[in-house]
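A learner and a teacher go through a structure together. How does one read its surface, helices and hollow spaces?

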Amino acid sequence: MVRRLRALSRTAAAVAATAAAAAILGVGHLVAAFVDPNASPFFVLGATVVDRTPKWLKDSAIRWFGTNDKLALAITMAVVMVGAAVLIGLLARRAPWLAAGVLGALGVAVAGLALLRPGAGPLFAVPALVGTAVGTAAFCLLVTAPAAHRRGDGPTRRGFLFAVAAVAAGAATAGAAGRFIGTRLRDIAADRAAFVLPRVAETAAPVLPEMDLGLPGLTRMVTPAADFYRIDTALQLPALTRARWRLRIHGMVRREIVLDFDALTARRAVESLITLTCVSNEVGGDLAGTAVWTGYRLADLLAEAEPEPGADMVLSRSVDGFTAGTPLDAILGNPDALLAVGMNGAPLPVAHGYPARLIVPGLYGYVSATKWVVDLELTRFDRARAYWTERGWAARAPIKTASRIDVPAAFATLAPGPVTVAGVAWAQGRGIAAVEVRVDDGPWQQATLAAAYSQDTWRQWTWSWDASPGTHTLRVRAIDGTGTVQTDTRTTPFPDGATGWHNRVVTVR
Ligand SMILES: Nc1nc2c(c(=O)[nH]1)N[C@H]1C(S)=C(S)[C@@H](COP(=O)(O)O)O[C@H]1N2
Ligand SMILES: [Mo]
C-alpha cells in the first residue's frame, strides 16, 4: 500500500488536486445558481478577499489594474488556489487521506465564509458543501486509483489522464451551467421587477369584513403569494421574459392568432378573485389558495380565433412542455376564466407562471391552470390527452366540494367551556350553502357562514362549541349550492380528487 502510493508521480498528484479544487468551485457555482448566485464559493472567496483587503492595497490595485481590478483579483485567486492545490497534491503522495482531509476542510471553511456574507441565510453554505463533497470524493478516487501510481505510457496511465480530464471537464461544465442558469434567473427577476401591471378596467369587488372574519388561525380570504401552494413538474423554473413570450391560438379555429406580450397588455384587463385547488389535495389539506388574479378574458381571446364547431377542449401548453386539457365551455361560459399576468396586485411570481398563466374557475389546476403558458390548441377530448391524463388521471376534473377545520389545531388541548371552531369550505361553481359540524357521534349542527364572496371562492365558517372534558372528534361537512351534501366516502386524490369529511381530535381538560 505505502509503496504503491509513493509511486504517485508529482505531476499526477498536483493535477489531481487541481482538478478536484476546480470541481469544488464548478459544482459549487452550479448549486449556487439555484440557491443564490452570491453563495458561489468563488464569489464568496473573492468577496471575502475584497472585504478584508486593506484600503491601501485596494487603492493601489485599482491604480495598477484600473477597471481590470476584478480580473486581476480573479487571476490572483486562481494562482493562489492552484498553488494550494499543488501543495495538497504533493501531500497526497505521502498521506492521501490527510490531503483529502485538508482539501475537505478548506471547502468547509469556504462554506463557513459563505455564512458570513451580508444577507446570507443558512442555505448559503450549501453550494460550497456540495462542491466540497463532490470535489473531495473525486480527489480520493484519483489519488488512490491504481492507474495513478505507475509511470510510463501504458493504458493505465492514459486511464488516469482520462479520469483527471473528466473531473476537470465536469467542473468546467458545471461552472458554465451555473453561470448560464444564474444569469437567466437574474434576468427573469429583473424582467419581472420592470413589469408594471396594466391598469385594470374592471376591478374585483372588495373583500368585506363580513367575508373575512380575521379570526386567529382561520384561513384568510386572500392568500399572500408567498404562502400560496406551488405544484408543478418544473425541476428548474422556466425563465421566460415578456419579450420572448408569445401565445399561439390554433388547432380547430378559423383564424389562428399569435399574440406577443405588448399585444396582450394592450387588451382590456380585468380582475377576479378565484380559489385555485390542486387535485392532489388530501381531505383537510392545504393545496388550495385564493388570489386576486389580473388578466385578460380567455373567452374573448378564443372568440377572436373563432373556434370551429366540434371543438370541445382547449389544450394549453407551457414553455416547458406541461399540458392541460380544459373543456371549452368552462372557458366560454365563465368571464372569470383568465389569461392571468398578475397575482394579488403584483406580476405573477416566476414560480406561479410569470409572465402568463391560465386561471379557470371550478376546475382542478392540472386541467386548467397552466403556468408559463405559450400555446392554446382547440381540439377534442376524443383526440387529445394532456400531461396528467396520459398518466391515468381523469380527463375532466371539476373541483369537489370540500370543507376544512382550521381551528382548533389538531390534537389541541383546550379548556372546557366556549371554544370557537372555524374553517373554510369550497365548492367552486356551485357555492357553499351550509356547513355543519358534529362532535363525536352527536347531531350535525349548523355552523355560521361568513358572507359569500362568490361561488368561485372559498367561504369561511365558524361554530361555537361548549366543550366538555374528554377527548373529542370534531367533524365538518359542507352542503353546496345545489343542495348536495358533501360525501363522507373517503377516496384518495387519484384519479379525480379526494373526498371525505375532515375531522380533528382535541382534548378538553
Ligand atoms: N406549466 C405548468 N403549469 C401547471 C402545472 C405544471 O406542472 N406545469 N401544474 C398544475 C397544477 S397540478 C396545479 S394544482 C396548479 C398550481 O398552481 P400554483 O403552483 O400557482 O399554485 O398549476 C398547474 N399548472
Ligand atoms: Mo395540481
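The dialogue below takes up a few features of this predicted model.

Q: Which residues make a nonpolar surface patch?
A: Trp-56, Leu-57, Trp-64 and Phe-65 make a nonpolar patch of about 500 Å² on the surface. One of them, Trp-64, sits in helix α4, which covers residues 55-65.

Q: Why does Trp-64 count as exposed?
A: A residue is called exposed when its relative accessible area is over 50%. Trp-64 counts as exposed because its relative accessibility is 59%.

Q: What span is expected for helix α5, and what span does it reach?
A: Helix α5 takes in residues 69-94, 26 in number. From first C-alpha to last, α5 reaches 38 Å, close to the 38 Å expected at 1.5 Å a residue.

Q: Which residues of α5 are buried?
A: An α-helix has 3.6 residues a turn, so residues three or four places apart point the same way. In α5, the buried residues include Ala-85, Ile-88, Gly-89 and Ala-92. Met-77 is also among the buried residues of α5.

Q: Where does the lining of the largest pocket come from?
A: The largest pocket has a volume of about 950 Å³, and 38 residues line it. Helices α2, α3, α4, α5, α6 and α7 each supply at least two lining residues. The largest share, 13 residues, is from α5. Leu-73 and Met-77 are among the residues that lie nearest the pocket's centre.

Q: How many cavities of 30 Å³ or more are found?
A: The search of the whole structure finds 1. The largest cavity holds about 170 Å³ of space. Its lining has 20 residues, with Trp-426 and Ala-498 among those nearest the centre. Strand β12, residues 402-407, gives the largest share of that lining, 3 residues.

Definitions and conventions:
Residues numbered from 1 in each chain as written. Chains lettered and ligands numbered in written order. Predicted model: local features only at pLDDT ≥ 70, side-chain atom pairs only at ≥ 80, totals over all residues. Heavy atoms only, no water. Patch = residues over 30% accessible without salt bridge, like charges linked within 9 Å, V, L, I, M, F, W, Y side chains within 5 Å. Areas by Shrake-Rupley, 256 points an atom, 1.4 Å probe, with all protein chains shown as cover. Salt bridge = Lys/Arg side-chain N within 4 Å of Asp/Glu carboxyl O. Helix = DSSP H or I, 4+ residues; strand = E, 2+ residues; numbered from the N terminus. Buried < 20%, exposed > 50% of the residue type's maximum accessible area, 1.4 Å probe, protein only. Expected span 1.5 Å × (residues − 1). 1 Å grid on protein atoms, 1.4 Å probe; cavity = no way out; pocket = protein on both sides within 12 Å on 5 of 7 lines; lining within 4 Å. Points joined across faces, edges and corners; volume = space filled by probe spheres on them.
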